[in-house]
Amino acid sequence: MAIVTSGFEARPLYSEAGALTDDTILALLSGKGPDEALFAEADRIRREVYGDAVYLRGLIEFTNYCRNDCYYCGIRKGNRNLSRYRLDKETILGCCREGYALGYRTFVLQGGEDPYFADTQADSNDGTVSDGDRRSQTATGVSAT
Ligand code: SF4
């Protein structure tokens with residue numbers, strides 16, 4: 001259980017079971033959250049897991065089709081001034097190979113909400129490509145998320 005005191009009254013962020021306490025959840029949802037305490041706790045966990053190393057992720061934008069129309073977004077469906085593309089699996093894996101050679105060990109597949117990529121399209125049964133809800137890791141230690 002973490003007790004954080006900096007800039008906020010001392011109180012546990014987590015219950016004995018490791019979940020956020022009701023008080024903490026209520027404070028966060030009300031916008032009166034213990035920002036400093038929360039940031040300090042996030043930093044503590046980050047140090048515990050990653051130390052001071054910087055991990056770079058290879059971002060692969062595999063489709064710029066999207067069924068939504070968020071006005072601020074350049075790839076929204078209503079934008080007619082855009083050349084649309086989808087990468088096939090081999091191209092995605094080629095990007096991963098190139099990234100691996102450059103030292104990347106985690107790849108993030110990002111794209112619009114493209115109905116073309118249903119689970120069966122985005123997820124291969126050899127564990128090399130995963131959809132946005134799951135993570136896969138190959139025997140080489142490379143992750144895709
Ligand atoms: S890509 Fe994301 S932000 Fe852009 S239009 Fe689609 S849903 Fe909205």
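## Close-up views of a predicted model

**Figure 1. The protein chain as a whole.** Buried residues account for 12% of the 145 residues in the protein chain. Keep in mind as you look around that this is a predicted model. You can find four helices and six strands in the protein chain. If you trace the sequence from its start, these elements come in the pattern β-β-α-α-β-α-β-α-β-β. Now look at contacts in the protein chain with a separation of 6 or more: 55% of them join residues that are 24 or more positions apart.

**Figure 2. Helix α2, a helix that is hardly covered.** Helix α2 runs through residues 35-50, which gives it 16 residues. From its first C-alpha to its last, α2 reaches 22 Å, close to the 22 Å expected at 1.5 Å a residue. How many of the 16 residues of α2 are buried? The count is one. Follow the chain just past α2 and you meet G51, which takes a positive phi of about 65 degrees.

**Figure 3. The largest nonpolar core.** Six residues make up this core: I60, F62, I92, C96, F107 and L109. Which elements each supply at least two residues of the core? They are β3 (58-63), α3 (89-102) and β4 (106-111).

**Figure 4. Strands β3 and β4 side by side.** These two strands pair in the parallel sense, over five bridges. To find your place in the pairing, look for T63, which stands opposite G111 in β4. Strand β4 also has two faces to compare: F107, L109 and G111 form the covered one, while T106, V108 and Q110 form the uncovered one. On the covered face, F107 and L109 are also members of the largest nonpolar core.

**Figure 5. The surroundings of the ligand.** Around the ligand you will see C66, N68, C70, C73, I75, R76, G112 and E113. Sorted by character, the residues of this shell are four nonpolar, two polar and two charged.

**Figure 6. A closer look at E113.** This residue, part of the shell around the ligand, is found in the loop between β4 and α4 (119-122). Is E113 buried or partly exposed? E113 is partly exposed, because 14 other C-beta atoms lie within 10 Å, whereas a buried residue needs 20 or more and an exposed one has 12 or fewer. Setting aside neighbours within four places in sequence, E113 is in contact with C66, R67 and N68. Although E113 and N68 are 45 residues apart in sequence, their C-alpha atoms are 7.0 Å apart in space.

Methods: Residues numbered from 1 in each chain as written. Predicted model: local features only at pLDDT ≥ 70, side-chain atom pairs only at ≥ 80, totals over all residues. Near = placed C-beta within 6 Å. Nonpolar A, V, L, I, M, F, W, Y, C, P; charged D, E, K, R; others polar. Expected span 1.5 Å × (residues − 1). Core = buried A, V, L, I, M, F, W, Y, C linked by C-beta atoms within 7 Å. Contact = placed C-beta atoms within 7 Å. Pairing = 2+ DSSP bridges.
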